[in-house]
Every structure is written in C-alpha cells, then in structure tokens.
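The following exercises concern the chain shown below. Each task is followed by a solution that proceeds step by step.

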Amino acid sequence: MAELSGKHLAVIGGSSGIGLEVVKLAGEEGASVTLIGRHAGRLDEARAALQHNGIVVRDTLVCDAHDHPALEDCFQQLAPCDHLVSMVGDVMGGGFLSADMATISRVMHSKFLTNVLIGKLAAENIRPGGSLTFTAGTGGRAQDACASYVGNLAIQALAQGLAAELAPVIRVNAVAPTWTVTPFWRQQPAEQIEQTRQHFASIIPLGRTAQLAELATAYLFLMKNDFVTGQQLAVDGGIMLGWSDKAPAA
Ligand SMILES: NC(=O)c1ccc[n+]([C@@H]2O[C@H](COP(=O)([O-])OP(=O)(O)OC[C@H]3O[C@@H](n4cnc5c(N)ncnc54)[C@H](OP(=O)(O)O)[C@@H]3O)[C@@H](O)[C@H]2O)c1
C-alpha cells in the first residue's frame, strides 16, 4: 500500500461530512490537503479545525462545481495533486412519472455531467501514480429516486470508463455510501433525521447506519491500494442484498 505522507490530496466537498473526514484522516497520515466547496465560511471553519489538529491545509478554493466555467477556473488555481476526491452529487426523491424534468435534470447535471467534467479536468491535474475517487450512493430504487439511481449507475460507468482510459497512469474508483447522518441533511428537522436513521437501521442487514470513519477509510483504501481501478466500493451495511427484516424464529 502506498503511503499518503508527503502527498497532496484535493477534495471537492472537503469542508463538511464525509469529505471532511477524508481530509482529516489523510492529513493525519501526513498528506497536505486542499479543500474545495461553495461556502467560504464552511471552508474557513474546516481549515481552522484541521490546522488545530496539526494537518497541513495547502489551500481552500471557493467553487460551485455545478457552474462548469467556475469549475474550470478552479482547476486552473489547483496545484497538481496526487489524489483527488469528488463528493459532488445532488439527490432527489420520486419515480420517473412523479418527478418533474427540472429535478431529474438537476440531479443528472450534478451526479453525471459535473463528475464527467471533474474527470476531464482531473486527468490533466493528477500526477502519474495518483488516483481519482468519485462518490456514488446505494439504497435508493429507480421507482423511488429515479435520477439519483441513474446518476449513481452513471458514476459507476464513469469510473470504469475513465479507469480504462487513464490506465496505467491514474487509477479511478468510486465509493458508494447509503443514507448516513451528516450535515447533508442539515435542512431537515432533527426528529425527521432521527426517524430516517431508525428506518435505515431497520432495513440495513448490519442493523445500523454508518460511522463517518467507516466511509472515509474506504476512500483512503482506494487512494493507497495501487492495484485497484475501475471499481465501486459500496460501504452500505449490505442494504442492497434484498434483506428486509430479521427472519422470525422458526
Ligand atoms: N449523507 C448521506 O446520506 C449520503 C448517502 C449517499 C451518498 N451521499 C453522497 O455523499 C456526498 C457527500 O455527502 P455528505 O453527506 O458528506 O454531505 P455534506 O456534509 O453536505 O458535504 C458535502 C460537501 O460537498 C460540498 N459541496 C456540495 N455541493 C457542492 C458543489 N456544487 N460544488 C462544490 N462543493 C459542493 C459541501 O460544501 P458547500 O455546501 O459549502 O458547498 C460539503 O463540503 C454527496 O455526493 C452525497 O450525495 C451522501
């Protein structure tokens, strides 16, 4: 396994949630980190917390990745990195018939088109021997979250295609979490978040939702293992196994 010490990691979406945990763990292993996000205040807060823990924050860049010209400008400012992680991916609810076209379009723009552009730009930025990791998701079904579901499949295909195009120089993979308590749900009331957590804990075969470190270590594994490319690593407690409830005692 390659070490992260002395490497430069950039995370688009590194100021909060899973991405912040990834930069924290990689920083603790000696990587210098660049954080990219939309809100300067969140980036400043994350930078201060990381630096307080002795982590080298090389840069913070304000950018809305959904604004593609702004994303191209952001990559102009980004120093070459060894590893790049994209946390970009909007979500939605509703099937193909109930969701409106604007919602479907927004999520496809986020999960698919924006990550395609990130892949193109990252291919020019990442140093040979480095890696690119996208974030997909599991747990939703096509009839309940149509564009999220298709977008997650698209990210998997993107990781496979780019991995083939960039081999043997840069490896490309994806991590797929399922529903997890993070600031992603900050606009929902606390009681609703707790109800959703309990719901997922009841349908996830492993009986609970993830800890942030369990998700973040999957990204670190994919950065460090030099023989894995084109893969999606689901860290989801087995939610897609078709298990729905504990079997009653016979
Ligand atoms: N939490 C879950 O239940 C869950 C489940 C499955 C998949 N995921 C996926 O995991 C990813 C991260 O989720 P999280 O739970 O860690 O959420 P989070 O705590 O809200 O963190 C998201 C990060 O991405 C940044 N970000 C969001 N949109 C951006 C954009 N358009 N351009 C640049 N930066 C952007 C945010 O910063 P700013 O807000 O300042 O931009 C923040 O740093 C998302 O793709 C999400 O779909 C999450």
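For the classes used in the first exercise, Ala, Val, Leu, Ile, Met, Phe, Trp, Tyr, Cys and Pro count as nonpolar, Asp, Glu, Lys and Arg as charged, and the others, Gly among them, as polar. This is a predicted model, in which local features need pLDDT of at least 70, side-chain atom pairs count only at pLDDT 80 or more, and totals for chains, interfaces and linings use all residues. Residues are numbered from 1 along each chain as its sequence is written.

**Exercise 1. Describe the shell around the ligand by class and by origin.**

Step 1. The shell comprises 11 nonpolar, 15 polar and three charged residues.
Step 2. A residue belongs to the surroundings if its C-beta atom, placed from the backbone, lies within 6 Å of the molecule. Of the 29 residues around the ligand, those that come nearest are Gly 13, Gly 17, Arg 38, Gly 89 and Phe 184.
Step 3. Helix H1 provides the largest share of this shell, three residues.

**Exercise 2. Determine the pattern of helices and strands along the chain.**

Step 1. Helices (H or I, at least four residues) and strands (E, at least two) are DSSP runs, numbered from the N terminus. The chain has seven of each.
Step 2. Their sequence order is β-α-β-α-β-α-β-α-β-α-β-α-α-β.
Step 3. The radius of gyration is 18 Å, close to the 18 Å that the globule rule gives for 250 residues, so the chain is as compact as a globular protein of that length. Here the radius is taken over C-alpha atoms, and the rule is 2.2 Å times the number of residues to the power 0.38.

**Exercise 3. Work out the order of the strands in the sheet and identify those at its edges.**

Step 1. Two strands pair if DSSP finds at least two bridges between them. The seven strands form an open sheet with parallel pairing, in the order E3-E2-E1-E4-E5-E6-E7.
Step 2. Strands E3 (57-62) and E7 (232-235) each have a single partner strand, so one side of each is left without a neighbour in the sheet.
Step 3. Within the sheet, E1 (residues 8-12) is joined to E2 (residues 32-37) by five bridges; there, His 8 stands opposite Ser 32 and Leu 9 opposite Val 33.
Step 4. Four bridges join E4 to E5, with Thr 133 as the bridge partner of Val 85.

**Exercise 4. Are the faces of E2 covered or uncovered?**

Step 1. A residue is buried if 20 or more other C-beta atoms lie within 10 Å of its own, exposed if 12 or fewer, and partly exposed in between, with C-beta atoms placed from the backbone.
Step 2. In a regular strand the side chains alternate between the two faces of the sheet.
Step 3. Both faces of E2 are covered: Ser 32, Thr 34 and Ile 36 are buried on one side, and Val 33, Leu 35 and Gly 37 on the other.
Step 4. Strand E5 (residues 126-135) is mostly covered, with seven of its 10 residues buried.

**Exercise 5. Locate Ala 142 and Pro 168, and state which peptide bond is cis.**

Step 1. Ala 142 lies in the loop between E5 and helix H5 (146-166). Because 13 other C-beta atoms are within 10 Å, Ala 142 is partly exposed.
Step 2. Ala 142 and Gly 95 are 47 residues apart in sequence, yet their C-alpha atoms are 6.4 Å apart.
Step 3. Pro 168 is in the loop between H5 and E6. The bond joining Ala 167 and Pro 168 is cis, with omega about 5°.
Step 4. For context, most peptide bonds are trans.
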